[in-house]
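Could you walk me through this structure while I have it open in my viewer? I would like to know what to select at each stop and what I will find there.

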Amino acid sequence: MLRNFLTVGGWTMLSRILGLIRDQLLAAFMGAGPLQDAYQVAFRLPNMFRRLFGEGAFNAAFVPMFSTVMVQDGRDEARLFARRTLGVMLAWLIFLCVLGEVFMPWVLRVIAPGFLQSGDRYALAVSLSRITFPYLVMICAAALFAGVLNGLHRFGMASAAYLAFNVVGIIAIIGASPFFPSVAYAAAWGVTVSGVVQLGLLAWACEKAQFGLMPLWPMLTPRIRLLLRRMVPGLIGSGVGQINLTVDTIIGTLLPAGSVSLMYFADRINQLPLGVLGAAAGTTLLPVLTRHLSAGDIEGAHAAQSRSMEYVVLLTLPAVAGLLVLAGPIMIVLFGHGSFTEHDALLSAQSLRAYAIGLPAFILVKVLSPAFFARGDTRTPVYVGIGVLLLNFVLNLLFMKPLAHMGPPLASSVTACVNVVFLAVLLQRKNALRLSGATLSHMGRVSIGALLMGLGLWGIEHVVGLPALFVTRALWLAGMVCGGGALYAVLLHGLGVADLAAMAARIQRRLLRKAQ
């Protein structure tokens with residue numbers, strides 16, 4: 001499981017790095033203003049579907065069913081199930097896409113009510129949204145192909161294909177902008193074209209795995225009905241984070257122009273650890289839990305769940321400490337160029353700190369939700385999700401005026417923490433989560449290590465401030481990140497969480513075996 005965790009996490013990290021480059025180009029060309037706001041809203045709707053289906057409800061419902069059919073009824077029956085699912089999915093998505101294209105002006109009135117105050121920004125958002133909306137058809141179909149590959153335990157290609165989104169996006173921004181009225185139009189077309197490329201790559205990977213999937217005429221067979229029953233309520237249960245972000249966007253459009261952009265770029269930095277660890281944990285844990293439970297290995301399922309939580313805490317808490325301390329320098333170095341001013345970067349850093357507070361909770365939701373889905377329980381996360389959605393909306397309204405662009409991120413962080421608490425308590429009551437004393441001790445020592453690392457970075461930052469020139473700023477930030485990582489490793493060694501000498505010896509042995 002750790003190898004698959006690192007495989008998915010590695011590809012996702014590469015995708016996030018390319019996404020960072022893409023976002024730097026968007027910031028440099030469009031800054032934080034009406035044009036950027038219109039593009040981000042146009043991208044939000046199909047992107048929400050991508051995250052819901054690619055990392056949420058569909059994957060949570062389809063992968064366990066697909067794996068069970070594969071084990072119990074064989075490869076051919078599993079392939080038939082996947083083809084029928086693809087047929088039903090495409091019929092529904094194409095219908096939804098046509099409705100979206102026709103009624104987009106009214107859709108924008110719901111998700112971007114603040115744009116109505118500015119006719120130009122509203123008209124631009126409608127035009128851009130009509131360009132990006134077909135992306136949801138391709139990317140949701142791609143999620144099915146990726147789910148099949150994950151069910152076949154081919155995690156590498158399923159994760160690598162998503163690199164295409166950022167590669168195509170970068171090419172569109174740099175190469176296609178001169179041929180469109182603005183960079184926003186080129187970026188919007190890049191989104192839709194990337195969906196075609198991703199779907200093509202995943203379809204090719206399935207063919208290479210001798211598991212080609214041609215859609216069948218949509219029919220609601222008993223298995224498809226069961227899939228829908230498990231998936232539809234799970235859209236809320238597993239997609240609470242994404243729906244909350246959409247609520248944040250709606251509230252952001254009611255704030256001063258540029259607020260949506262400030263929150264977007266902060267979220268993109270927050271998505272580096274969130275996307276890498278959350279996607280890796282959720283994607284790899286679900287098939288493992290399903291396999292253990294199908295075999296009646298309850299203890300194995302508990303051990304896998306606990307180990308995943310330990311990995312998440314180990315890798316997430318230092319990221320939280322680093323983001324809280326270095327948010328300002330990070331946003332200035334990465335985005336403070338061109339039309340995105342240093343003042344914009346510091347305002348966006350405030351949103352980043354608010355997001356970072358809830359980072360462990362955002363990821364733990366993705367670790368705890370599979371424990372319900374693997375047992376066929378999609379209702380419990382739904383009930384919790386509905387409550388969390390209502391809480392997020394209320395907090396957004398309370399924070400909107402006094403905190404401005406920090407309000408929606410802080411509301412999302414608080415509700416994510418509440419979500420984790422409820423999910424963990426309910427799992428324990430169902431005897432589906434057992435945290436041993438050793439696991440709790442491990443998490444406690446990791447927390448102490450991350451806290452001490454954060455205090456160390458805070459002290460160094462106050463002694464050696466951020467330089468004035470870009471090159472020295474970049475070197476300063478790289479030094480702080482590397483130094484923080486080294487300090488964290490030493491602290492974990494001192495706290496008995498990790499044995500650096502044993503790890504170094506193991507790496508040396510593996511390198512020697514490869515050299516031979």
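**First stop: V148 and the core**

Select V148 and show what surrounds it: setting aside neighbours within four places in sequence, V148 is in contact with F62, F66, A82, C206, F211 and L213. Keep in mind throughout that you are looking at a predicted model.

Now widen the selection to the largest nonpolar core, which has 137 residues. Which of its members touch the most other members? They are V148, where you already are, and I269. To see where the largest share of this core comes from, colour helix α13, residues 298-335, which supplies 16 residues.

**Zoom out: the whole chain**

Switch to a cartoon view of the entire protein. You will count 20 helices and 0 strands. Of the 516 residues, 56% are buried. Turn on contacts, if your viewer allows, and consider those between residues at least 6 apart in sequence: 83% of them join residues at least 24 apart. With the surface displayed, the accessible area comes to about 21500 Å², and carbon and sulfur atoms account for 69% of that.

**Salt bridges, one at a time**

A search of the whole structure gives 4 salt bridges. Let us visit some of them.

Begin with R268 and D23. Their closest N and O atoms are 2.7 Å apart, and the two residues form a salt bridge. The pair links distant parts of the chain, with R268 in helix α12 (residues 259-294) and D23 in helix α1 (residues 2-30), 245 residues apart. Are these two residues buried or exposed? R268 counts as buried because its relative accessibility is 11%, under the 20% cut-off. D23, at 1% relative accessibility, is buried as well. Add R22 to the selection to complete the picture: R22, D23 and R268 are linked in a network of salt bridges.

Next, select E77 and R223. This salt bridge has its closest N and O atoms 2.9 Å apart. E77 sits in helix α4 (residues 75-111) and R223 in helix α10 (residues 222-237), so the bridge ties together parts that are 146 residues apart in sequence. Here the side chains have some access to the outside: E77 is partly exposed, with a relative accessible area of 29%, and R223 is partly exposed at 28%.

Then move to R473 and E342, another salt bridge, with 3.2 Å between the closest N and O atoms. R473 belongs to helix α19 (residues 470-494) and E342 to helix α14 (residues 342-357), so this pair ties together parts that are 131 residues apart in sequence. How do the two ends compare in burial, buried or partly exposed? R473 is buried, with a relative accessible area of 15%, while E342 is partly exposed at 38%.

**Along the two helices of that last pair**

Stay with α19 and measure from end to end in your viewer. The helix has 25 residues and reaches 36 Å from its first C-alpha to its last, close to the 36 Å expected at 1.5 Å a residue. Show its buried side chains: R473, W476, L477, M480, G484, Y488, L491 and L492.

At the far end of the helix, select G494, which is still part of α19. G494 counts as exposed, because its relative accessibility is 66% and the cut-off is over 50%. Draw a C-alpha to C-alpha distance from G494 to G449: they are 9.0 Å apart in space and 45 residues apart in sequence. Just after α19, look at the backbone of G496, which takes a positive phi of about 80°.

Now try the partner helix, α14. Its 16 residues should span 22 Å at 1.5 Å a residue, and the end C-alpha atoms are 23 Å apart, which agrees. Its buried residues are D344, A345, S348, A349, S351, L352, A354, Y355 and A356.

**Last stop: a patch on the surface**

Nonpolar side chains tend to be buried together in soluble globular proteins. With that in mind, select W92, I94, F95, V98, L99, V102, F103 and W106, which form a nonpolar patch on the surface. Together they have about 830 Å² of accessible area. Pick out I94, which is found in helix α4. I94 is partly exposed, with a relative accessible area of 47%.

Methods:
Residues numbered from 1 in each chain as written. Predicted model: local features only at pLDDT ≥ 70, side-chain atom pairs only at ≥ 80, totals over all residues. Heavy atoms only, no water. Salt bridge = Lys/Arg side-chain N within 4 Å of Asp/Glu carboxyl O. Helix = DSSP H or I, 4+ residues; strand = E, 2+ residues; numbered from the N terminus. Buried < 20%, exposed > 50% of the residue type's maximum accessible area, 1.4 Å probe, protein only. Contact = heavy atoms within 4.5 Å. Areas by Shrake-Rupley, 256 points an atom, 1.4 Å probe, with all protein chains shown as cover. Core = buried A, V, L, I, M, F, W, Y, C linked by side-chain atoms within 4.5 Å. Patch = residues over 30% accessible without salt bridge, like charges linked within 9 Å, V, L, I, M, F, W, Y side chains within 5 Å. Expected span 1.5 Å × (residues − 1).
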